[in-house]
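Colleague: I should be grateful for a close look at a single part of this model. Please choose one helix, describe its surroundings, and then place it within the chain as a whole.

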Amino acid sequence: MTVLGVLVVGLLLASYLGMLHGLGDSLAVVRPGLAAVAVVLGGLLAAAKPRWPGTAVVVAGLGAAAPVLWSSLPTQAGDGAAYLVYQKNLSFRLADPAPLIADIAAHAPDFVTLQEVTDRTRAVMTGLVDMLPAQHWCPFAAVGGVAVLSRWPMIAGTARCADGDGLAAMQVAAPEGPLWIVSIHLHWPFPYRQSEQLTRLLPMLASLDGPTVIGGDFNMVPWSYTLKAIAQATGTERAGSITYSLPMAGGWLTLPIDHVLVPQGKGPTHAQRLPLLGSDHHGVLARFARPG
């Protein structure tokens with residue numbers, strides 16, 4: 001059992017090494033589960049003598065679990081002077097876009113970020129053109145493209161695409177000044193192509209000059225290296241508490257992989273989970289103070 005405890009602690013430590021290899025972030029996805037196993041296993045080990053190996057395993061598990069639990073606590077909503085972002089992976093299988101269009105219209109967001117925008121699901125963009133007239137779509141190598149929508153006009157010449165790499169960006173003339181709006185769709189982590197994709201995208205993200213908002217299906221958990229690297233490159237932070245957005249295993253497991261990142265340190269942020277509305281991903285509605 002001691003060997004098993006050492007193995008679990010080793011996997012926990014490896015889950016922090018995403019900057020070295022994509023396997024680290026793959027392990028980060030299951031870090032809460034590894035932490036739970038470590039606490040239970042360590043408790044069993046601590047019942048025997050010597051107690052210190054079991055205690056060490058328990059401490060490692062609690063240390064790994066604490067940040068996740070803390071980030072899951074509800075946050076206060078931003079004040080009335082705030083921007084609203086509606087993030088949604090549409091799902092290329094979306095059969096009827098009408099309920100989703102109605103939900104977006106009801107929330108009246110300032111910006112919308114979309115993924116898996118196919119020829120069929122592009123009806124969502126068309127249905128919102130009156131409310132959100134500034135629209136920009138870019139292709140992705142996987143299922144459908146990515147798009148950004150805004151109620152304020154796009155600044156001429158700022159539309160950008162990372163063709164095939166799942167990124168669409170434009171700078172808009174928001175009331176408090178220019179603001180970059182980005183939609184991102186990352187591949188699944190190792191053994192898939194997320195790490196290589198991130199390496200290509202980070203220079204482009206870092207080149208965005210000014211306050212930036214990013215909504216997307218990151219296919220990665222918020223405590224990962226991938227999320228930290230994107231936040232550092234763009235001067236952003238994740239809005240609100242952790243939002244568990246992708247139901248799996250018949251609803252027994254839900255992963256927090258859809259996020260909204262907003263300008264760092266500008267005031268209170270808030271995020272809430274929205275209904276599936278025909279997609280396999282929950283939407284995320286994020287509120288943040290207007291940067292100025």
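**Helix H8 and its setting**

Modeller: In this predicted model, the buried residues of H8 pack against six elements: helix H2 (22–29), strand S7 (177–185), helix H7 (194–206), strand S8 (212–217), strand S9 (236–238) and strand S12 (258–263). Helix H8 itself covers residues 225–234. Its buried residues are Thr-226, Leu-227, Ala-229, Ile-230, Ala-231 and Thr-234. An α-helix has 3.6 residues a turn, so residues three or four places apart point the same way. Within the buried set of H8, one may follow Thr-226, Ile-230 and Thr-234 in steps of four, or Leu-227 and Ala-231 in one such step. Just after the helix comes Gly-235, which takes a positive phi of about 65°. Strand S9, one of the packing partners of H8, covers residues 236–238.

The chain as a whole gives the context for this helix. It contains 8 helices and 14 strands. Its radius of gyration is 20 Å, close to the 19 Å that the globule rule gives for 292 residues, so the chain is as compact as a globular protein of that length. The C-alpha trace spans about 70 × 40 × 35 Å along its principal axes. Of the 292 residues, 50% count as buried. Among contacts between residues at least 6 apart in sequence, 64% join residues at least 24 apart.

As to the surface, the accessible area of the chain comes to about 12,700 Å², and carbon and sulfur atoms account for 64% of that area. The chain carries 17 positive and 17 negative side chains, and the centres of the two sets lie 9 Å apart.

A covalent link elsewhere in the chain completes the description. The structure holds 1 disulfide, which joins Cys-138 to Cys-161 with an S to S distance of 1.8 Å. This pair links distant parts of the chain, 23 residues apart: Cys-138 lies in strand S3 (residues 134–138) and Cys-161 in strand S5 (residues 160–162). The torsion about the S-S bond of Cys-138 and Cys-161 is about -80°, so the disulfide is left-handed. Cys-138 has 0% relative accessibility and therefore counts as buried, whereas Cys-161, at 32% relative accessibility, counts as partly exposed.

Notes
Residues are numbered from 1 along each chain as its sequence is written. This is a predicted model: local features need pLDDT of at least 70, side-chain atom pairs count only at pLDDT 80 or more; totals for chains, interfaces and linings use all residues. Side-chain values use heavy atoms; hydrogens and water are left out. Helices (H or I, at least four residues) and strands (E, at least two) are DSSP runs, numbered from the N terminus. The radius of gyration is taken over C-alpha atoms; the globule rule is 2.2 Å times the number of residues to the power 0.38. Buried means under 20% relative accessible area, exposed over 50%, partly exposed in between (1.4 Å probe, protein chains only). Contact means heavy atoms within 4.5 Å. Accessible areas come from the Shrake-Rupley method with a 1.4 Å probe; for residues, only the protein chains shown count as cover. Lys and Arg count as positive and Asp and Glu as negative; His and the chain ends are not counted. The place of a charge is taken as NZ of Lys, CZ of Arg, CG of Asp or CD of Glu. A disulfide is a pair of cysteine sulfur atoms within 2.5 Å.
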